[in-house]
Amino acid sequence: MDVILYQIDGSLEVGARPVPKPKGDQVLLQVAYAGLCGSDLAIAEGGHPRAKPPLVMGHEFSGYVADLGERVDQGLEIGDRVAVYPILSCGDCYACRMGSPNVCQALGLIGIDQDGGFAEYALVPQGAALRLPSGVGLLEGSLIEPLAVCVHAARLSDLQVGDVVVVTGAGPIGLLMGQLARSAGAGKVILTEVAPNRMAAAQALGFEVVDAREKGGVAEVLERTGGRGADLVFEATGHPSVAPTLMDLVRIRGQIVALGVFEEPVAVDLQALNFQEIRLIGSRVYEIEDFCRAISLAAQGRVDPRSIVSDLGSLKEAPRLFALARAARVGKVVFEMLPEQEDFVSEEDL
Ligand SMILES: [Zn+2]
Ligand SMILES: [Zn+2]
């Protein structure tokens with residue numbers, strides 16, 4: 001089978017490997033779609049602390065159940081369409097025992113800590129294979145992971161009906177976060193962004209868009225909020241230049257939810273936090289409940305994850321697609337191993 005391999009010398013290679021055999025509670029998936037994420041780019045640049053080559057990356061994927069290990073007992077059948085919940089937690093640390101495996105002290109992900117979905121076939125534990133309802137296609141299935149990131153952030157936040165929400169960044173996560181905030185009852189959703197193509201993508205989805213190239217867009221956000229700032233800011237860039245602007249984007253006693261992943265510690269103005277009684281919380285990946293809600297929101301058409309996809313391509317096109325994603329001139333890049341089958345009819349088509 002074809003795979004994209006992150007090699008020991010740090011290079012990316014499109015290579016061949018034997019199709020693995022599932023053992024124990026493992027499920028073999030024939031991968032249909034696998035999304036390319038910022039953390040895959042970080043791995044490919046040698047900047048990920050946990051990823052050890054040789055590795056098949058890819059933690060955002062969907063596919064068909066192709067084979068079952070002898071101890072699979074959760075009702076999965078060959079041919080089932082599934083999305084992959086890629087969390088690997090230890091089950092034993094404080095966080096796991098408190099029921100929050102997403103903040104496990106030894107948190108791992110399929111596709112980072114073990115081989116993932118940039119391949120024609122992938123092995124996952126049975127608990128990671130979540131069946132998709134008939135209204136959710138396999139392309140959408142591969143986008144449940146980033147949507148679940150946003151569902152988790154929204155559920156941790158104090159989002160109220162009518163809130164003015166600012167989302168920093170109109171990349172794939174920002175676009176999903178904005179749609180979700182809108183669907184959860186936000187009164188106004190403003191996306192801040194520096195890249196013109198991403199500004200256009202946000203505009204096409206009906207968001208108010210602020211050009212963040214000028215000091216993070218703070219002045220314009222204040223203008224659009226009657227000088228007050230946002231009730232709620234979702235930080236979805238993980239970019240060090242955005243961190244110092246957050247306290248200026250949010251209103252007095254407002255809330256900031258940090259879901260973007262920062263590669264290094266960044267400066268945060270705790271004086272402003274104190275003087276303005278701002279609440280700042282972190283949001284890390286998702287729990288299984290967020291994943292199930294993301295599937296259900298996609299099934300109901302409350303959010304359209306496909307709207308963030310800008311480029312589809314085969315595994316063989318990996319070098320070009322990685323370069324595209326790195327240039328941030330696109331939305332979500334997704335590898336297509338098995339095009340959507342004709343037997344799938346979305347609810348809209350009925
Ligand atoms: Zn990701
Ligand atoms: Zn743990």
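Me: How do you know that the span of helix H5 agrees with its twelve residues?

Reply: This is a predicted model, and the check is simple. The expected span is 1.5 Å times one less than the number of residues. For the twelve residues of H5 (172-183) that gives 16 Å. The end C-alpha atoms lie 17 Å apart, which agrees.

Me: What makes H5 largely enclosed by the rest of the structure?

Reply: Burial does. Buried means under 20% relative accessible area. Nine of the twelve residues of H5 are buried, so the helix is largely enclosed. Among them are Pro 172, Gly 174, Leu 175, Leu 176 and Met 177. Gln 179 is buried too.

Me: Which residue follows H5, and what is the sign of its phi?

Reply: Gly 185 follows H5. Its phi is positive, near 110°.

Me: Why are Cys 37, His 59 and Glu 60 called donors of the zinc ion (ligand 1)?

Reply: Distance decides. A donor is an N, O or S atom within 2.8 Å of this metal. Cys 37 offers SG, His 59 offers NE2 and Glu 60 offers OE. These lie 2.1 to 2.4 Å from the zinc ion. Those distances fall within the cut-off, so the three qualify as donors. Water is not among the atoms, so the site may look incomplete.

Me: How are the zinc donor residues spaced in sequence?

Reply: The pattern is C-x21-H-E. Cys 37 sits in the loop between strand E3 (26-36) and helix H1 (38-44). His 59 sits in the loop between strand E4 (55-56) and strand E5 (60-68). The two are 22 residues apart in sequence, so the pair ties those parts together.

Me: Why is His 59 called buried?

Reply: The limit is under 20% relative accessible area. His 59 has 2%, so it counts as buried. Cys 37 is also buried.

Me: What makes the pairing of His 59 and Glu 60 a polar contact?

Reply: The cut-off is 3.5 Å between N or O atoms. The two side chains meet at 3.4 Å. His 59 also touches residues further off in sequence, including Cys 37, Asp 40, Pro 86, Ile 110 and Glu 145.

Me: Why is Met 57 called buried?

Reply: Its relative accessible area is 0%, so Met 57 is buried. Like His 59, Met 57 lies in the loop between E4 and E5. Met 57 and Ile 4 are 53 residues apart in sequence, yet their C-alpha atoms are 7.3 Å apart in space. The two residues touch. Other contacts of Met 57 include Tyr 6, Leu 12, Ile 43, Phe 118 and Phe 322.

Me: Which residues have the most contacts inside the largest nonpolar core?

Reply: They are Phe 61, Phe 118, Val 124, Phe 234, Phe 322 and Phe 335. The core has 97 residues. Helix H4 (144-156) gives the most to it, with eight residues. Another core, of 16 residues, lies apart from it. Val 166, Val 210, Leu 246 and Met 247 are among its members.

Me: What does Phe 335 touch?

Reply: Its contacts include Ile 4, Tyr 33, Leu 36, Phe 118, Leu 315 and Phe 322.

Me: Why is the pair Asp 2 and Lys 316 called a salt bridge?

Reply: A Lys nitrogen must lie within 4 Å of a carboxyl oxygen of Asp or Glu. Here the N to O distance is 2.6 Å. That is within the limit, so the pair is a salt bridge. Asp 2 is in strand E1 (2-6), and Lys 316 is in the loop between strand E17 (309-313) and helix H11 (318-326). They are 314 residues apart, linking distant parts of the chain. Asp 2 has 22%, so it is partly exposed. Lys 316 has 57%, so it counts as exposed.

Me: Is Asp 231 buried or exposed?

Reply: Asp 231 has 9% relative accessible area, so it is buried. Its salt-bridge partner, Arg 228, meets it at 3.0 Å. Arg 228 has 44%, so it is partly exposed.

Me: How many salt bridges does the structure hold?

Reply: There are 19. Asp 211 and Arg 213 form one, at 2.8 Å. Lys 188, Glu 208, Glu 220 and Arg 224 are linked in a network of salt bridges.

Technical notes
Residues are numbered from 1 along each chain as its sequence is written. Chains are lettered from A and ligands numbered from 1 in the order in which they are written. This is a predicted model: local features need pLDDT of at least 70, side-chain atom pairs count only at pLDDT 80 or more; totals for chains, interfaces and linings use all residues. Side-chain values use heavy atoms; hydrogens and water are left out. A nonpolar core is a set of buried Ala, Val, Leu, Ile, Met, Phe, Trp, Tyr and Cys residues joined through side-chain atoms within 4.5 Å. Buried means under 20% relative accessible area, exposed over 50%, partly exposed in between (1.4 Å probe, protein chains only). Helices (H or I, at least four residues) and strands (E, at least two) are DSSP runs, numbered from the N terminus. Contact means heavy atoms within 4.5 Å. Donors are N, O and S atoms within 2.8 Å of the metal (3.2 Å for Na, K and Ca); water is not among the atoms, so sites may look incomplete. A polar contact is a pair of N or O atoms within 3.5 Å; within protein, one must be able to donate a hydrogen and the other to accept it, and residues adjacent in sequence count only if both atoms are side-chain atoms. A salt bridge is a side-chain nitrogen of Lys or Arg within 4 Å of a carboxyl oxygen of Asp or Glu. Lists of a residue's contacts leave out its neighbours within four places in sequence.
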